[in-house]
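User: Could you take a close look at one part of this model for me, the charged pairs, and then carry on into the surroundings? I'd like it as one connected story.

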Amino acid sequence: LTGVPNGGMAQFQEVMRQQLETSMHAELEKLLDTATGVDKEVSRKDFDGFKKLFHRFLQVKGPSVDWPKIHRPPEDSIQPYDKIAARPLPDSLADSLNKLVVVKLNGGLGTSMGCKGPKSLISVRNENTFLDLTVQQIEVPVLNMLLECHKQVPPVLCPRYPRINKESLLPVATDIGMTGENADVWYPPGHGDIYASFYNSGLLDQLITEGKEYIFVSNIDNLGATVDLNILHHLVSQPNGKRCEFIMEVTDKTRADVKGGTLIQYDNKLRLLEIAQVPKAHVDEFKSVTKFKIFNTNNLWISLGAIKRLQEQNAMDMEIIVNPKTLDGGQNVIQLETAVGAAIKSFDNALGINVPRSRFLPVKTVSDLLLVMSNLYSLEAGSLTMSQKREFPTTPHVKLGSSFTKVQEYQTRFESIPDMLELDHLTVSGDVTFGKQVSLKGTVIIIANHGDRIDIPAGTILENKIVSGNLRILDH
């Protein structure tokens with residue numbers, strides 16, 4: 001197409017976009033023809049949302065950020081938690097609690113539960129689960145809330161969108177089913193869909209009618225994400241004209257968090273920058289803990305009235321994340337997603353609060369589970385807090401090998417959870433088991449090669465040790 005004038009090129013690209021959109025709509029209709037009854041209606045609503053997302057995807061020209069325009073946020077746009085926590089809490093805060101709804105973003109399927117007052121809880125779920133922990137694994141504040149729930153609320157399920165062929169940009173699904181060849185051709189569109197899901201389901205209007213004003217959103221696997229009264233007080237105590245419509249809790253980045261999204265100043269607005277949006281030439285700079293010192297915990301406080309206004313004005317602006325995947329058969333596909341925190345730039349008087357690390361305790365792997373089940377943490381007033389007996393406030397780096405991947409395997413390999421108060425780093429690889437009352441200190445590396453097994457005897461103290469070879473302990 002050399003020699004085509006710029007105006008002609010733009011016209012050509014617009015024609016191509018229209019053709020792609022027309023082809024997509026035709027393919028989606030074919031998929032709907034394979035559905036019946038309620039399934040067809042639900043799928044049609046899902047596809048309406050996908051069409052809007054696909055339309056926006058086709059309109060995107062070049063990268064979503066212009067790197068030279070990225071700046072550090074002004075000091076007053078990210079408040080230190082200590083400053084907020086220093087203010088005395090009023091007796092009337094109970095009234096504010098009654099205006100709050102807690103929302104947990106969950107990876108599993110199931111019905112949502114809610115309850116009145118300060119413990120209102122709705123669980124927003126999708127169909128992809130990374131680690132399926134059961135109630136028995138750990139005492140989670142969220143579980144306590146669920147047990148106290150006494151009012152059923154409508155389930156808020158994330159829609160399912162079709163994965164699309166990377167080359168043709170058309171759905172790879174052949175029918176509306178989710179089994180057999182179609183098992184991996186659908187995906188949940190990311191938690192950015194929460195705004196449309198609340199609005200379209202009627203739940204947003206229901207909550208506003210009940211007098212609710214804010215939602216506190218967090219990932220259900222973040223055990224540190226409890227309702228913080230200091231942040232709530234800061235939220236509701238601003239003058240009406242300057243009320244925060246969106247607060248994002250951020251915390252100091254460590255080398256374990258280099259891929260986490262960060263807050264930036266862009267076009268005079270606070271904005272969430274995710275690693276997927278970063279040009280390849282700047283990825284190392286993004287991962288640096290010197291330039292980008294904070295990351296998003298995904299603990300968010302959001303005004304329900306503002307969500308309603310932005311949805312009605314079609315002004316909820318979230319960058320599209322293009323997530324490439326390879327299906328089991330080797331086919332390259334992409335899925336279009338949005339992130340709930342990316343909407344921060346659409347809200348008025350948005351603010352970041354730099355919270356203690358204890359507000360971010362995700363349990364995504366068994367390595368995370370080992371940490372929170374150990375004596376490093378205790379449950380106090382519904383919150384997990386690090387033991388005062390630990391001299392350093394940082395959490396140890398724990399890496400358990402493939403023999404520990406499943407929760408059941410993990411449970412059989414520990415007779416009791418080791419003492420980890422003085423641990424800095426633990427790596428375990430191969431067929432390894434731990435006896436009762438084992439103590440781990442400093443850096444401990446345990447490697448059982450293929451065919452070998454290592455049983456760490458009860459009462460063992462390992463401090464700055466590498467253990468390898470074969471050690472079997474058998475009942476006499």
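Analyst: Buried means under 20% relative accessible area, exposed means over 50%, and partly exposed is in between (1.4 Å probe, protein chains only). This is a predicted model, where local features need pLDDT of at least 70 and side-chain atom pairs count only at pLDDT 80 or more, while totals for chains, interfaces and linings use all residues. Residues are numbered from 1 along each chain as its sequence is written, and side-chain values use heavy atoms, with hydrogens and water left out.

Let's start with Asp-257, which is buried at a relative accessible area of 7%. Its salt-bridge partner is Arg-357, with the closest N and O atoms 2.6 Å apart (a salt bridge needs a side-chain nitrogen of Lys or Arg within 4 Å of a carboxyl oxygen of Asp or Glu). Arg-357 sits in the loop between β17 (351–354) and α11 (366–373), and Asp-257 in the loop between β11 and β12 (262–266), so the pair ties together parts that are 100 residues apart in sequence. (Helices, H or I of at least four residues, and strands, E of at least two, are DSSP runs numbered from the N terminus.) Unlike Asp-257, which is buried, Arg-357 is partly exposed at 29% relative accessibility.

That pair belongs to a set of 21 salt bridges in the structure. Another one stays inside helix α1 (residues 6–32): Arg-17 and Glu-14 are three residues apart there, about one turn of the helix. Their closest N and O atoms are 2.9 Å apart. Here the Arg is the buried partner, with Arg-17 at 13% relative accessible area, while Glu-14 counts as partly exposed at 28%. Asp-455 and Arg-453 also meet through their side chains, 2.8 Å from N to O; Asp-455 is buried at 5% relative accessibility, and Arg-453 is partly exposed at 27%. Then there's a group: Arg-271, Asp-317, Glu-319 and Lys-345 are linked in a network of salt bridges.

Now back to α11, the helix at one end of the Arg-357 loop. Six of its eight residues are buried, so α11 is largely enclosed by the rest of the structure. The buried ones are Val-366, Ser-367, Leu-369, Leu-370, Leu-371 and Val-372. Their cover includes β18 (377–380), β19 (383–386), β20 (397–400), α12 (407–413) and β21 (419–429).

What about the nonpolar interior? The largest nonpolar core has 35 residues, and Tyr-195, Ile-215, Phe-246, Ile-302, Ile-307 and Phe-347 have the most contacts inside it. (A nonpolar core is a set of buried Ala, Val, Leu, Ile, Met, Phe, Trp, Tyr and Cys residues joined through side-chain atoms within 4.5 Å.) Among the elements that each supply at least two residues of this core are β11 (246–252), α6 (194–201) and α10 (304–312). Helix α10 gives the most, with four residues. Apart from this core lies another, of 33 residues, and Leu-371 is among them, along with Phe-404, Phe-414 and Ile-456. Back in the largest core, Ile-307 touches Tyr-195, Leu-204, Ile-215, Ile-302, Met-316 and Phe-347, not counting residues up to four places away in sequence (contact means heavy atoms within 4.5 Å).

Just ahead of α6 there's an annotated spot. An unreviewed UniProt entry places a "binding site" at His-191, although such annotations may be inferred rather than shown by experiment. His-191 is in the loop between β9 (186–187) and α6, and it is partly exposed at 28% relative accessible area. Leaving aside neighbours within four places in sequence, His-191 is in contact with Leu-105, Asn-298, Thr-338, Ala-339 and Val-340.

Last stop, a sheet. Three strands form an open, antiparallel sheet in the order β8-β16-β15 (two strands pair if DSSP finds at least two bridges between them). β8 (164–165) and β15 (321–326) are at the edges with a single partner strand each, so one side of each has no neighbour in the sheet. Two bridges join β8 to β16 (residues 332–337), with Ile-164 partnered by Ile-334. β15 and β16 pair over six bridges, and Val-322 stands opposite Leu-336. Their hairpin has five residues between the strands, where Gly-330 takes a positive phi near 95°.
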